[in-house]
Amino acid sequence: MTIVTENKDRPFVVMIGAANMDICGVPSATLIHKGSNPGTVSLSPGGVARNIAENLARLGIDSRLIAAIGTDYFGKTLLRQGQHAGIDMSHIIELEDQQTSSYLSVLDDGGDLLVAINDMTIADQLTCEHIKKHHQILIEASVIIVDTNISEEIFAYLADRYADQPIMVDTVSATKAVRIKPYLSSVHTLTANRMEAQALCGINISLTEMAKWFHQQGVKRVFITLGPEGVFYSDENENGTLTVPKQANAILNANGAGDAFMAGITYAWLQNWGLIKSTKFAMSAAHVTLAHIATINPEMSLKTVNKTLETDYVN
C-alpha cells in the first residue's frame with residue numbers, strides 16, 4: 001500500500017456554514033424512553049463546516065472558516081478552540097447579542113444517533129453581504145466547501161460568482177438538502193446519505209439511477225454514504241460501492257463521520273487522486289472519527305488515516 005505524505009504546496013480551502021457547540025449524551029446501557037438514563041454528557045465544538053475545517057487542518061491543509069458565532073461563552077470557546085486546532089478563524093463573523101448555534105444529541109448504546117435538536121438561528125444572520133467581504137480568499141481558494149445550513153440566497157450568489165471553482169457541498173440533512181436543488185449545476189462534488197440524496201432527487205430510485213440523475217443536473221462527483229454498508233461513489237466515468245470489513249474500528253460516536261469523510265474527499269482532490277483511492281481515504285478518515293466520543297477525533301492526522309488505510313476495503 002502507498003502511504004500518503006503531506007502536500008507541501010499549501011493550497012487552501014474555504015468552508016462556509018455552521019459552527020456550533022455539540023452537546024452529546026450517551027447512555028451507559030439500553031436507553032429507557034421517557035425516563036432519566038445514567039450515562040455520559042460531553043461538550044465539544046461542532047457544526048458541519050467547522051468540523052470539516054478542523055479535520056482538514058489536522059490533515060495539514062490550510063483551512064479558512066466563514067461562519068457566524070455569538071460573543072457568548074460558546075462563541076468564545078469555538079473561536080479559541082478553532083485557532084488551537086489550526087483553523088484560520090480570522091474570517092469568522094462575531095455577532096453581538098446573538099446566541100451561538102448548539103446541537104444537542106442523544107446516542108443509543110451502540111453509538112448511533114437516536115434523536116437530536118439543533119438551534120441554528122444565528123445561521124440566518126450570515127448574509128451575502130458578509131460573504132462578499134471575503135471575495136479575495138474565495139476567488140483564490142483551491143476548493144470552496146459549503147454546508148446546507150446557509151441560506152438559499154448565499155447558495156445562489158456562490159453558484160453565480162464562483163461557478164468556475166470546485167464547489168463541494170455537504171447536504172447536512174434531508175430537510176436542508178433541498179436548498180441547493182436549483183444550483184446543482186454549479187456543484188462539483190456532493191456528499192450525502194441515502195435519505196438526503198433521495199430528498200434532492202424527489203423520488204426513491206436505485207443508487208446508480210440517483211447518481212445518473214445528479215450527473216444530468218451537472219454534478220461531477222457524487223458520494224452517497226450508506227452507514228455500515230459503505231459508500232457509493234460515482235463520476236461520469238465510473239461508479240461502485242466500497243464496503244468496510246467488520247473488524248473496522250468500533251463506533252463510539254457517529255456524529256462527525258460525514259464531516260471527516262468530506263474532509264478526506266477534499267484532501268484527496270487536492271492530491272489529484274482517482275475516485276476509488278479518494279473514497280478509500282475519505283472512509284478511513286471517517287473511521288478515525290468513529291473511534292472517538294468527541295465529534296472530532298483529536299488524533300486525526302495523516303498518520304492515523306494511513307494506519308486505517310491498511311484495512312482491506314472490498315469493491
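Ser63 sits in strand β4, which spans residues 62-66. The model is predicted. Ser63 has 0% relative accessibility and therefore counts as buried, the cut-off being under 20%. Beyond residues up to four places away in sequence, Ser63 touches Val13, Met15, Ala53, Leu56, Ala57, Ile87 and Asp88.

**Nonpolar cores**

The largest nonpolar core holds 45 residues. Within this core, Ile16, Leu158 and Phe214 touch the most other members. A separate core has 37 residues. Its members include Val48, Leu56, Ala57 and Met262. Two of the residues named there, Leu56 and Ala57, also touch Ser63.

Ile16 has a long contact list once neighbours within four places in sequence are set aside. Its partners are Ala49, Ile66, Leu126, Ile131, Leu138, Ile144, Ile145, Val146, Asp147, Ile150 and Leu158. Leu158 is thus named twice: as a partner of Ile16, and beside Ile16 among the residues that touch the most other members of the largest core.

**Helix pair α10 and α11**

The two helices pack at an angle of about 110°, and their axes lie 8 Å apart. Because angles of 65 to 115 degrees count as roughly perpendicular, α10 is roughly perpendicular to α11. The table lists the residues that meet.

| Helix | Span | Residues in the contact |
|---|---|---|
| α10 | residues 275-290 | Lys280, Phe281, Ser284, Ala285, His287, Val288 |
| α11 | residues 302-309 | Leu302, Thr304, Val305, Thr308, Leu309 |

What is the make-up of the contact of α10 with α11, in nonpolar, polar and charged residues? Six are nonpolar, four are polar and one is charged. Lys280, in α10, is the charged one.

Methods: Residues are numbered from 1 along each chain as its sequence is written. This is a predicted model: local features need pLDDT of at least 70, side-chain atom pairs count only at pLDDT 80 or more; totals for chains, interfaces and linings use all residues. Side-chain values use heavy atoms; hydrogens and water are left out. A nonpolar core is a set of buried Ala, Val, Leu, Ile, Met, Phe, Trp, Tyr and Cys residues joined through side-chain atoms within 4.5 Å. Buried means under 20% relative accessible area, exposed over 50%, partly exposed in between (1.4 Å probe, protein chains only). Contact means heavy atoms within 4.5 Å. Axes are lines fitted to C-alpha atoms, for helices over the stretch in contact, and angles run from 0 to 180 degrees between N-to-C directions. Helices (H or I, at least four residues) and strands (E, at least two) are DSSP runs, numbered from the N terminus. Angles under 35 degrees count as roughly parallel, over 145 as roughly antiparallel, 65 to 115 as roughly perpendicular and the rest as oblique.
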